[in-house]
There are 2 protein chains.
Amino acid sequence: MARSFSSAVALAGGVGGAKLAHGLQMALPEGGLTVVVNTGDDFSLWGLHISPDLDTVMYTLAGLANPVQGWGLEGDSWQGLEMMARYGRDAWFRLGDMDMVTHVLRTQTLREGRTLTEVTADLASSLGIKSHILPMCDQQVETVVKTAQGELDFQDYFVRRRHADRVESVLFRGIETAHPSAQVEQAISSAPAIVFCPSNPIVSIGPILALPGMTGALKASKAPKIAVSPIVGGAALKGPAADMLQSLGHDVSPYGVASIYAGIIDGMIIDTVDARYAPAIRDMGIEVEISDTIMKSDADRRALAETALRFSERIAQI
Amino acid sequence: MARSFSSAVALAGGVGGAKLAHGLQMALPEGGLTVVVNTGDDFSLWGLHISPDLDTVMYTLAGLANPVQGWGLEGDSWQGLEMMARYGRDAWFRLGDMDMVTHVLRTQTLREGRTLTEVTADLASSLGIKSHILPMCDQQVETVVKTAQGELDFQDYFVRRRHADRVESVLFRGIETAHPSAQVEQAISSAPAIVFCPSNPIVSIGPILALPGMTGALKASKAPKIAVSPIVGGAALKGPAADMLQSLGHDVSPYGVASIYAGIIDGMIIDTVDARYAPAIRDMGIEVEISDTIMKSDADRRALAETALRFSERIAQI
């Protein structure tokens, strides 16, 4: 049966989410994809507003992402960072010379009074992206990680300390007074399908879901909502998701991820190596699709996106 | 007779001024040089506060300046500028990847409420500079050039339009409410010698002299005040000084420059090729020293600085 969805909404964090979003962009008609992106990792460095997940999604959808590391720009250089070090600045955040320009322009236009939603649309459009990249909100939300060393800002925990600390809890500072933007609300309410990308369920999809009104909006939507498990074979493909799930008392498996999303999602795609978790996930009332989920190539991204869209259509017809 | 000055103040604009300042830094004991720098060329680009003359002086005194072009940093790259173009931004100002960092840090610390004087001292000190680099003031002054095309911001005239327009007049917007910083006043009043570097007398030294109280402070100082002519053999070594002098009705010669500084300076160093102007300049009551003034090497810079200091001492003894 041919797919009929002409559009979809994806919820995404950084690298893993960006890859599936890229697949969905390839699979859907031009302009059909809307990506709602985590901004809990946003932070200020040297006076610049940095939005790591927005940038990863934007660079990936523009075809400019560094194919090896997944974040940053292909062919970027580090001369500015060397100058920072010369000025005695602690250059722990790997900010490339081309990447810096994104932050400079974002900071400039935010200071001119435009919203992060407007600024993001403008930057993405300049890079020729036809998909819609939406920050989850226009208010400041800060993901803070509580560890034995105390509270750490997310980038401090994630980049500077290389996510080596055991996470005791996670909080999203400012989330109570934040809310999904009108564009996000509109996208969710009109989406024929909603895909939770294989991003960290705690600190990437977590802040999006924690926005006041967001789970209500998702539940109110009649669209099939499916998630792609970011945990494959007991590990995260990238980042601290596995350690974080474990230290927060979740099962480090698609089942653990499904239990976080239970009550919101209708279906989950799990990797073939995790097929044994399907019955337990189905017992939670969540449909399961078993598929290869590791995206090494553009073809893998597109194939997984096609699987996600077909699975969504099947759920819509139940 | 050996020189005895252990310190001096230089007034400087960009490349030519920075070269002599560098010579003075070499000739004087460590920490003995204070450079008062034009900020009329400062402008905002992509939300960044750019101070071209401060940067040229700072990079030159730090030994980091591009030796070929005189401005910018040796070994800088242009990846960020290519990204700007990708974002559809007009990249007419040649802002290098390392140079960008200077503007980012300056902008950040200015936004934190520190003065340009404090920010400049901090940046220069981070680069290991022992000399004191002082912006002429902490208020915004904008050099505006009136041409047949209308009023042009200085960088627009100078960089974007490559100073091809005939200049009808020059104004320093905001100068009435600006004033020399306390640090500049202190430096002028306590200087044993004051050297006007071979910078453009209209748009580099001009804004410094136009600051309310500045010529009064210079005249009140008992220090010998000497200028090095930026015009050699009827031309400026760099930039639009010659065309500008001519279109504003000045003689394009050391005599023309001397007539602008008359009443303020006590002496002037002119190039050997311009020796014939000495009598006319002396007739204005200005002592003249004839010397090679073209600085091709570090040794040239130091030699001219030594000449300037010896000339100042001779004037002090008159």
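**Core, helix α4 and chain contact in a predicted model**

Beyond its neighbours within four places in sequence, Ala8(A) is in contact with Leu24(A), Leu28(A), Gly32(A), Leu33(A), Ala191(A), Pro192(A), Ala193(A), Val195(A) and Leu309(A) (C-beta atoms, placed from the backbone, within 7 Å). The model is predicted: local features need pLDDT of at least 70 and side-chain atom pairs count only at pLDDT 80 or more, while totals for chains, interfaces and linings use all residues. Residues are numbered from 1 along each chain as its sequence is written, and chains are lettered from A in the order in which they are written.

Ala8(A) is also among the residues with the most contacts inside the largest nonpolar core, which has 199 residues; the others are Ala10(A), Ala21(A), Ala8(B), Ala10(B) and Ala21(B). Such a core is a set of buried Ala, Val, Leu, Ile, Met, Phe, Trp, Tyr and Cys residues joined through C-beta atoms within 7 Å, buried meaning that 20 or more other C-beta atoms lie within 10 Å of a residue's own.

Turning to chain B, helix α4 (residues 97-111; a DSSP run of H or I, at least four residues, numbered from the N terminus) reaches 21 Å from its first C-alpha to its last. Of the 15 residues of α4(B), 12 are buried, so the helix is largely enclosed by the rest of the structure. Among them are Met98(B), Met100(B), Val101(B) and Leu105(B). Gly113(B), with a positive phi near 100 degrees, follows α4(B).

The contact between the chains takes 24 residues from chain A and 24 residues from chain B. On the side of chain A that touches chain B, the largest share, 9 residues, comes from α4(A).

Conventions: Helices (H or I, at least four residues) and strands (E, at least two) are DSSP runs, numbered from the N terminus. The expected span of a helix is 1.5 Å times one less than its number of residues. Two residues are in contact if their C-beta atoms, placed from the backbone, lie within 7 Å.
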